[in-house]
Amino acid sequence: MKFATASIIAVVSASQALAFAPIVTGPKSSSALNAALGKVTGQSALDPAVIARYDALPFPDDQILAEYVWMDAIGNTRSKTRTLPAAKADSVDTLPKWNFDGSSTDQAPGDDSEVILRPQRIFRDPFRARSDGPANILVMCDTVTPAGEPLPTNSRAYAQEFFEGKDDEVVWFGLEQEFTLFNLDEKTPLGWPVGGMPSRAQGPYYCSVGPENNFGRAITESLYKACLYAGINISGVNGEVMPGQQEYQVGPCVGIDAGDQLMMSRYILQRVCEDFQVYCTLHPKPIVEGDWNGAGMHTNVSTKSMREEGGLEVIKQAIYKLGEKHAEHIKIYGEGNELRLTGKFETASMDEFSYGIANRGASVRIGRDTLDDGFGYFEDRRPSSNADPYLVTGKIMSTIMGPEAPEIKPLNKQS
Ligand code: ADP
Ligand code: MN
Ligand code: MN
Ligand code: MN
């Protein structure tokens, strides 16, 4: 008994020391300290030793926790949790539908507020990892009315129409998700002086190392591990051109699964940033003053025939079709994209379609490897970082499966 009491005291005081040590420079009373902790960028307000105590409790053998995730009215993710029998968690067909109050998310009127969540894709939950039994899960859902009609914001349902019956094409998407990290003031990017700008212009930050160049690597690394654990096909990460900006890539994924995987990766990104107490935005041009790159969601695309001998010709045909429908694509490639697609900072102008070999100033780029091999994939550089991945992949699919379009001359360095 005596030992137990002593160890509890030891735990409490050690945990206080842990939680308070990094920022004891500020206020002295513990309530003021707690208030400060919640506002200090990079410092979790939660006491790790206390959390560890509850984390160590086992989960029930025959039950799991399912986090149902969906896209809200403005393309952000929302989620809530339920306990389920483990036996129901293996397939979306056995997972129950669920619902939420759509009037609280701008997805339904108050007098008929119920929105139905339909499980579409299961991932492992990296935030509730367990080794003592069946995995807890994250469930990507889409949203329908009680009558089963997709909500207007259910872009997944609309995109799916373009993939239906096209399994033979085996279309792959690789999505490059750029994001920008800010202090909790939501004004100061990580690594920037408050109210000012970095003293060095863009150049040293892309794929950078070093404390003066790379800001937020711990977040990207945590996201990487969490995505791998979840079962997301994350293919890489790198530091980006603007200080405080980072990127990860998801793919190649087949068809509608690219949207599901990317949306779940965005959910994971926000959860990681919550843990780090760092604000993350997907805005395509978070800093408009000065000469700083915006943020995109480059979309790499190939069909089966593009990946085979003679594929380069199929790729070119697809690009001509994209050129024909440029304006329609721009319309759904993300809000605020006009601030980013200026023709500067490795972008093409929004008003004009172009493509080129290894040209990062074109709307669509064919990589040098693809040119040399004669087959491969192309990169649509137009979608912004906040673009809806279901809309982007669905629209590309519909266009490249559409009628033939006249040839467009490439925009290459030499020309
Ligand atoms: P970038 O050179 O434009 O920065 P990245 O390496 O960041 O390119 O991203 C390339 C993306 O393209 C990755 O997500 C990768 O999985 C994807 N990808 C590779 N091959 C294909 C392919 N054949 N079809 C579609 N996507 C592909
Ligand atoms: Mn990239
Ligand atoms: Mn990039
Ligand atoms: Mn790219």
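Biologist: What makes strand E5 count as largely enclosed by the rest of the structure?

Modeller: Of the 8 residues of E5, 7 are buried, a term that requires 20 or more other C-beta atoms within 10 Å of a residue's own (12 or fewer means exposed, anything in between partly exposed, with C-beta atoms placed from the backbone). E5 is therefore described as largely enclosed. The model is a predicted one, in which local features need pLDDT of at least 70, side-chain atom pairs count only at pLDDT 80 or more, and totals for chains, interfaces and linings use all residues. Residues are numbered from 1 along each chain as its sequence is written, while chains are lettered from A and ligands numbered from 1 in the order in which they are written.

Biologist: How do you know that E4 and E5 are joined, and in which sense do they run?

Modeller: Strands pair if DSSP finds at least two bridges between them. E4 (residues 114–124) and E5 (residues 137–144) share 8 bridges and run antiparallel, so the definition is met. Ile116 faces Val144 of E5, and Ile122 faces Val139 of E5.

Biologist: In what sense do E1 and E5 pair?

Modeller: They pair in the parallel sense, over 4 bridges. Val69 stands opposite Met140 in E5, and Tyr68 stands opposite Val139 in E5.

Biologist: What makes E1 and E2 a hairpin?

Modeller: E1 (residues 63–71) and E2 pair in the antiparallel sense over 9 bridges, with 5 residues between the two strands. Met71 stands opposite Thr77 in E2. In the turn, Gly75 has a positive phi of about 85 degrees.

Biologist: Why are strands E2 and E3 called edge strands?

Modeller: The open sheet has 5 strands in the order E2-E1-E5-E4-E3, with mixed pairing. E2 (77–85) and E3 (98–101) each pair on one side only. From one strand to the next the twist averages 40 degrees, taken between N-to-C directions on a scale from 0 to 180 degrees, with axes fitted to C-alpha atoms.

Biologist: How do you know which side of helix H4 holds its buried residues?

Modeller: In H4 (residues 155–163), the buried residues are Ser155, Arg156, Ala159, Phe162 and Phe163. They span an arc of only 110 degrees around the axis, which places them on the same side of H4; the arc is that of the directions from the helix axis to the C-beta atoms. Their cover includes E4, E5, helix H6 (257–276) and helix H10 (389–400). Just after H4, Gly165 takes a positive phi of about 75 degrees.

Biologist: Which residues are closest to ligand 1, and how many surround this ligand?

Modeller: A residue belongs here if its C-beta atom lies within 6 Å of the ligand. There are 17 such residues, the closest being Gly174, Gln249, Asn300, Ser302 and Tyr377. Strands E6 (172–182), E7 (234–239), E8 (245–254) and E10 (299–302) each supply at least two residues of the shell, and the largest share, 4 residues, comes from E6.

Biologist: How do the residues of this shell around ligand 1 divide?

Modeller: They comprise 5 nonpolar, 9 polar and 3 charged residues. Asp, Glu, Lys and Arg count as charged, Ala, Val, Leu, Ile, Met, Phe, Trp, Tyr, Cys and Pro as nonpolar, and the others, Gly among them, as polar.

Biologist: How many helices and strands has the protein chain?

Modeller: It has 10 helices and 13 strands, which are DSSP runs numbered from the N terminus (helices H or I of at least four residues, strands E of at least two). Of its 415 residues, 41% count as buried.

Key: Two residues are in contact if their C-beta atoms, placed from the backbone, lie within 7 Å.
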